[in-house]
Structures are given as C-alpha cells and as structure tokens.
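Dear colleague,

I am passing this structure on to you, and my notes on the ligand site follow below it.

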Amino acid sequence: MPGTGTLNGKRAIITGSSSGIGLGIAEALAKAGAEVVLNSFTDTPDDHALAARIGAAHGVAARYISADMSDAGACRRLIAEAGGCDILVNNAGIQHVARLEEFPPEKWDTIIAINLSSAFHTTAAALEGMRTAGWGRVINVASAHGLTASPYKSAYVAAKHGIVGLSKVTALEAAGSGITCNAICPGYVLTPIVEAQIPDQMKTHDMDRDTVIREVMLARQPSGDFATVEQIGGTAVFLCSDAADQITGTTISVDGGWTAL
Ligand code: NAD
C-alpha cells in the first residue's frame, strides 16, 4: 500500500541512519509518507534488510546506500546515487572523549570530517535539485553541545557549534527559494553513541550504571529523562511541514531544559 502521509512524493536522505537518532528520523519520515534513503559506512545484508523493513512497514520506497561520511567524495556520491533529495538530514556523527592535550589528532580530524564537513558536502550536492523543485528541507542534527560545551569533548563541541553556523549560512543562501535549513539540538538520547560512554564514566566516577546515568549524564538535563529517537523524529517531521515554512536558520532544542540552565 503506498504511503498516504503529508510527505508523499518527497525523497529523504538520512546520513548515519543504521541506528539511533538517524534510524528514528528515517522511521518518522517514512511514516509521514516520504521515500527514504538510509545510509551508513557498512554494506551488509542487514543494512539492506533494515531499509526493506522500513519500506514495508510504512508502504514507501526505501533503500540503503553505503557511503563513508568521513570521505568528501563519498558524501557527494551518496546524493548523486540517490538521485537527489527533497529532504536532507545530516545526522552521521561519532564521539571521542579525552583531555585536549591527549586528544589524538587523527580523532579530531575524523570527528570534524564526519560530524561537520560531511554536511557541507552533502548539502552542496543536494541544493541544486531542491532549487529546481522550489522546495527543500535541510535538517542538521547538531546537539546541546552545538550551543554549550563540556570538558573533554573538544572536537565534538567544535563540530557541533560549526554545524549550527553552517545551518545559518545554508538558510541565508537558500532563503526565498522554498528551502529551509535548521539544526535540531538534542540533549542526551539513549542510543549506541551514549551507551558507549557509560562504561568510561562508570570508571572515571567509580559509580554504577544507574548512578552515572542519573548523576552524571542527566544532571545536565533538568527533566531528568532522556529524549527519545521518536521525539527527534517528530521534530524532523514538523520541520518538513507547511507550518515550518518560515522557520529557517535556527536551532530547535529537544533537551529537557539543558540549554535553559
Ligand atoms: P549512533 O551511534 O546510534 O548513530 C550514529 C550513526 O552514524 C550510525 O548509524 C553509524 O553507523 C553512523 N556513522 C558513523 N560513522 C559513519 C560514517 N563514517 N559514515 C556514515 N555513517 C556513519 O548515535 P546517535 O546517538 O544516533 O547519533 C546520531 C547523531 O545525533 C550524531 O550526529 C550525534 O552527535 C547526535 N546527537 C546524539 C545525542 C545522543 O544523546 N545520542 C545527543 C545529541 C546529538
């Protein structure tokens, strides 16, 4: 059964969507009727099966295209291979935590490439098609760390502040052409990228898992709860709606009050 949602006829590419927030956004856009193109750097039967499952669940076309977002050429090829898009979600991201003096330079380069430069390359490749269509949505998944900082996350915080700036420039250059660009700034969402930080935090603070979650991670989040991938997906769908036509060049925080502190 073909999708009958508000995003019928729109094609969405979501980078880094084999898990976590990207997958949640892909599900939400598919549920709203968009054709979805999933992406990560691997190319396994499971990756393609995941896209097939989403397509079947929501009655939309769904594909998986492998492309490494740390590689500029691969970023641009992803857009070309998909045949362009109406909705581009720049979501791929990684984390590394270390003191500035000990931060491995190659980790810095990789984080800047995946979390920031990839969005420059995909957006540059996607804009022409959106201009021709007279409609487009560029949604950059930044972070509360695009607006505030934490120690030991130099590359991540720099990249996320950078992507907030890139969102503003994209919005200004596209203004008046039916294209908007915004950054979603989630607080903590319990996904694999966050799970991976818990054992280190347990060691550093000599705490058990629940205490680390409550007293270290969610200490920054006044609501005391993680945000969910469904909530981030819903925010992306809203940004694609007519109601959001004049929302551009800004950030939307989904952080339980983190940035209000
Ligand atoms: P995740 O680890 O579950 O997902 C990251 C995705 O990016 C995965 O699909 C992974 O395969 C993909 N990816 C990694 N390297 C890639 C590469 N080189 N090329 C292509 N794809 C690649 O993490 P997540 O929490 O879902 O994070 C998604 C985005 O949300 C990231 O940009 C992250 O910074 C941001 N974010 C997450 C949180 C959180 O608390 N989880 C908070 C704020 C912002």
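By class, how many residues of the shell around the ligand are nonpolar, polar and charged? The shell has 16 nonpolar, 13 polar and 2 charged residues, where Ala, Val, Leu, Ile, Met, Phe, Trp, Tyr, Cys and Pro count as nonpolar, Asp, Glu, Lys and Arg as charged, and the others, Gly among them, as polar.

Please keep in mind that this is a predicted model, in which local features need pLDDT of at least 70, side-chain atom pairs count only at pLDDT 80 or more, and totals for chains, interfaces and linings use all residues. Residues are numbered from 1 along each chain as its sequence is written, and side-chain values use heavy atoms, with hydrogens and water left out.

Of the 31 residues around the ligand, Ser40, Asn91, Tyr156, Val189 and Thr191 come nearest (a residue is near if one of its heavy atoms lies within 4 Å). Polar contacts (pairs of N or O atoms within 3.5 Å) also appear: a polar backbone atom of asparagine 91 is 2.7 Å from an oxygen atom of the ligand, and for valine 189 a polar backbone atom is likewise 2.7 Å from a ligand oxygen. The protein buries 92% of the 810 Å² that the ligand exposes when taken alone (Shrake-Rupley method, 1.4 Å probe).

With regards

Notes. A polar contact is a pair of N or O atoms within 3.5 Å; within protein, one must be able to donate a hydrogen and the other to accept it, and residues adjacent in sequence count only if both atoms are side-chain atoms.
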